[in-house]
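Student: Could you take me through one part of this fold up close? I'd like to see how the strands and the helices around them fit together.

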Amino acid sequence: MDFDTLIDRRGTHCAKWDMMESLYGVSPDEGLAMWVADMDFPVPPAVTDKMREMADHGVYGYVNCDEPYKNAIQWWMQNRHGWQVEADAIFTTTGLVNGVGMCLDTFTQPGDGIVLFTPVYHAFAKVIRNAGREVVECLMTNNNGRYEMDFDAYDAQMTGKEKMVILCSPHNPGGRVWSQEELQAVADFAKRHDLILLSDEIHHDLVYPGHTHIPMQNAVPEVTERLLMLTAPSKTFNFAGLHTGQVIIPDPHLREQFQRRMLALALAPNSAGQYATAAAYSPDGAAWADQLIAYLDGNRKVFDAAIEKIPGLSSMPLAATYLSWVDFSGTGMSREEFTKRVEQGAKIAANHGTTFGTGGENFLRFNLGTQRSRIEEACRRLTEAFSDLQ
């Protein structure tokens, strides 16, 4: 697979490239887009072939492709993660964030507290607040560049208003792959406080050598009665624009509640997303994903090596994801100063750490899902932007 050929996404209504000037003041003509979490790579050939076949057919009417779509999901989860998924447990939403919103709508009420282990993916808090629920931030400990959870502290925070806890597994933006013991601790916390446990596992395929992701249902089977699992092919195969994600609900009672809500809102998947998912979750897709992970592994090593040479900067070691979480606190600079150097000096658009909640103030998140030459250029620019520290 060719991941090195530069793809020019400017002027294609691409959020990542065409919106960075209005949001970050970085012109796409000279800047590098390293914020939105999609990649600059074409999708696997198997997906392109399926989309071409659909286009050539020329009729985009109502379809019924649930069986091949769900079969592909079951095959993928079993073969890649050792996770057995029932077909009836799979519900399709218009992406993972919509899945979060649907779970909030189904299983919580306005005013309920929703627990987040922060810093964490920024869209969670946005959806929670817009749904009229309360964000309850449980701050993780940064232990020498490794996020850890402190459940004694979290237990003391609980008031009884909390109804759901959301776990990002693997973690975005810290890149942690949670251990069996940590997943057990999260499940025990959910049980102690009678919380629905929503496990966002969208990055589960993007795990680097030496690390193994454990699906929450496999890690703690006894938590199934309160468990909601979120997955999507979009991060792995780079078709987020098709807005197709899965809420997988092992428990029949929770499943029934969710299905009623889906029916009440007349929500149904789009055919393009189903076809693309079925094509991606295949042996061809698996071979492509293996090569992608190897390429991203090279990107993170190049980027980390450059960051570690800049005094005062450090990147969290990534066990998973293509999102580098860089700590600028060692520079002694204010958030405004180091951000200005990245955006106006290096001309790189990266996510501001403050959007990820408490604990993200001294960080920026950099998307490494791009061609190696762009990663090398980003390294050169950052080195120059902070050259006075060296």
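Tutor: Here's a walk through one sheet, the helices around it, and then a few spots further out. Keep in mind that this is a predicted model.

Let's start with the open sheet of 7 strands, whose pairing is mixed and whose order is β2-β10-β9-β8-β7-β3-β4. Its edge strands are β2 (90–93) and β4 (134–139), and each of those pairs on one side only. Going from one strand to the next, the twist averages 25°.

Zoom in on the β2 end. β2 and β10 (residues 245–248) run antiparallel and are joined by 4 bridges. If you want one pair to click on, take Thr93, whose bridge partner in β10 is Gly245.

Now bring in helix α4, which lies across β2, β9 (227–231) and β10 and runs at about 110° to β2. α4 has a helical neighbour too. The axes of α4 (residues 66–81) and α13 (residues 283–308) come within 11 Å, crossing at roughly 45°. That angle makes α4 oblique to α13, and the crossing is right-handed. On the α4 side, the contact uses Trp75, Trp76 and Arg80, while α13 brings Pro283, Gly285, Ala286, Ala289 and Asp290. Sorted by class, this contact of α4 with α13 has 5 nonpolar, 1 polar and 2 charged residues.

Next up is α5, which has two helix contacts to look at. With α6, α5 packs at an angle of about 40°, and the axes are 10 Å apart. α5 passes α6 in a right-handed crossing. Leu96, Val97, Val100, Gly101 and Leu104 of α5 make this contact with Ala123, Phe124, Val127 and Ile128 of α6. The split here is 8 nonpolar, 1 polar and no charged residues.

The contact of α5 with α11 looks like this: α5 (residues 96–107) and α11 (residues 252–264) pack at about 105°, with their axes 10 Å apart. The two helices are therefore roughly perpendicular to each other. From α5 come Met102, Cys103, Asp105, Thr106 and Phe107, and they meet Leu254, Gln257, Phe258, Arg261 and Met262 in α11. By class, the residues of this contact divide into 6 nonpolar, 2 polar and 2 charged.

Back to the sheet, and to the loops that come off its strands. β3 (113–118) is followed by a loop leading to α6 (122–130), and Pro119 is found in that loop. The peptide bond from Thr118 to Pro119 is cis, with omega near 0°. There's another cis bond between Ser169 and Pro170, where omega is about -5°. Pro170 lies in the loop between β7 (162–168) and α8. For backdrop, most peptide bonds are trans, and most residues other than glycine have a negative phi. On the phi side, have a look at His13, a residue other than glycine with a positive phi near 65°. You'll find His13 in the segment before α1 (15–18).

Loops in this part are also linked through side chains. Asp194 and Arg226 form a salt bridge, with 3.3 Å from N to O. Asp194 sits in the loop between α8 (180–192) and β8 (196–200) and Arg226 in the loop between α9 (216–219) and β9, so the pair ties together parts that are 32 residues apart in sequence. The count for the model comes to 27 salt bridges, taking a side-chain nitrogen of Lys or Arg within 4 Å of a carboxyl oxygen of Asp or Glu.

To finish, swing the view over to an open sheet of 5 strands. Its order is β1-β13-β14-β12-β11, again with mixed pairing. β1 (32–34) and β11 (314–315) stand at the edges with a single partner strand each, so one side of each has no neighbour in the sheet. Further in, β13 (residues 348–352) and β14 (residues 363–367) run antiparallel and are joined by 2 bridges. Asn351 has Arg365 as its bridge partner in β14. Helix α15 (residues 372–385) packs on this sheet, where it touches β1, β13 and β14, and its direction makes about 100° with that of β1.

Definitions and conventions:
Residues are numbered from 1 along each chain as its sequence is written. This is a predicted model: local features need pLDDT of at least 70, side-chain atom pairs count only at pLDDT 80 or more; totals for chains, interfaces and linings use all residues. Side-chain values use heavy atoms; hydrogens and water are left out. Axes are lines fitted to C-alpha atoms, for helices over the stretch in contact, and angles run from 0 to 180 degrees between N-to-C directions. Angles under 35 degrees count as roughly parallel, over 145 as roughly antiparallel, 65 to 115 as roughly perpendicular and the rest as oblique. A crossing is left-handed if the near helix is turned anticlockwise from the far one by less than a right angle, and right-handed if clockwise. Contact means heavy atoms within 4.5 Å. Ala, Val, Leu, Ile, Met, Phe, Trp, Tyr, Cys and Pro count as nonpolar, Asp, Glu, Lys and Arg as charged, and the others, Gly among them, as polar. Two strands pair if DSSP finds at least two bridges between them.
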